[in-house]
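Notebook open, coffee poured. I want to look up the pockets and one helix pairing here.

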Amino acid sequence: MNIVFDFGAVLFTWQPVHLLQTHLGHLAPTAEAAHSLARAIFDHDDWLGYDRGTHALDDVLQRTALRLDLPHDRLDAMLSPIGERMAPIAATVELLAGLRERRETRGDVRLYFLSNMPAPYARVLEERHPFIGWFDGGIFSGDVNLIKPEPAIYSLLAARHGLEPARTVFIDDMHANVQAARELGWQGIHFESPPQLSHALASLLPD
């Protein structure tokens with residue numbers, strides 16, 4: 001079985017609302033305002049272009065500051081070091097370690113990742129977190145100019161590693177990304193928590 005992990009909010013913390021409340025709290029005094037501002041920043045084509053690897057961060061900062069009338073310096077302080085701020089989610093990494101051990105002892109699983117991640121953040125994560133080396137392969141969106149849920153990025157991972165759709169399980173915290181995988185014939189798990197993921201995988205993998 002091929003098991004494909006998303007990174008943000010699955011293996012690494014990703015809390016854009018908390019990030020906004022910390023750095024731009026005066027502009028997002030309520031949870032509702034913070035959620036709205038998070039959508040305006042991270043669901044816009046400017047940010048998605050950075051995820052895709054077609055926009056530089058400096059361009060995104062300038063465009064976003066102008067579009068939303070945000071202070072450039074605070075926006076920079078919030079967005080530039082995200083790679084350093086993303087922390088491993090210990091329980092999911094422990095689950096990954098168990099799958100790695102199963103691969104080494106039983107050989108019936110392979111491990112991959114498919115993450116929407118700007119290249120600068122990806123390089124920081126690779127340098128700081130040795131467990132990324134446990135994967136048999138993977139794709140960061142910023143390295144290939146494609147992003148989830150575009151079918152092409154799933155197909156690229158499958159082509160690179162010879163993944164058979166019916167024997168491939170994709171794990172992501174975003175419903176749209178899981179659905180895109182299912183439409184290509186992959187199995188999908190919408191991630192809610194490490195215990196929920198552990199239970200879902202146990203139902204797919206033989207004892």
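My entries on pockets and helix packing follow.

Ground rules first: this is a predicted model, where local features need pLDDT of at least 70, side-chain atom pairs count only at pLDDT 80 or more, and totals for chains, interfaces and linings use all residues. Residues are numbered from 1 along each chain as its sequence is written, and side-chain values use heavy atoms, with hydrogens and water left out.

Entry 1, pockets. I looked up the largest pocket (an open set of points on a 1 Å grid over the protein atoms alone, where a 1.4 Å probe fits, with protein on both sides within 12 Å along at least five of seven lines; lining residues have an atom within 4 Å of a point). Its volume, the space filled by probe spheres set on the points, is about 680 Å³. I find 28 lining residues, with Trp14, Phe42, Asp43, Asp51 and Met174 nearest the centre. H2 gives the largest share of that lining, 4 residues.

Entry 2, runner-up. The second largest pocket comes out at about 150 Å³. Its lining includes Trp14, His18 and Arg85, and H1 and H6 (82–85) each supply at least two residues.

Entry 3, helices (DSSP runs of H or I, at least four residues). H3 (45–52) packs on H4 (57–68) at about 170°, axes 9 Å apart. That makes the pair roughly antiparallel, a label for angles over 145 degrees. Axes are lines fitted to C-alpha atoms over the stretch in contact, and angles run from 0 to 180 degrees between N-to-C directions. On the H3 side, Asp46, Trp47 and Tyr50 make the contact (heavy atoms within 4.5 Å).

Technical notes:
Parallel < 35°, antiparallel > 145°, perpendicular 65-115°, else oblique.
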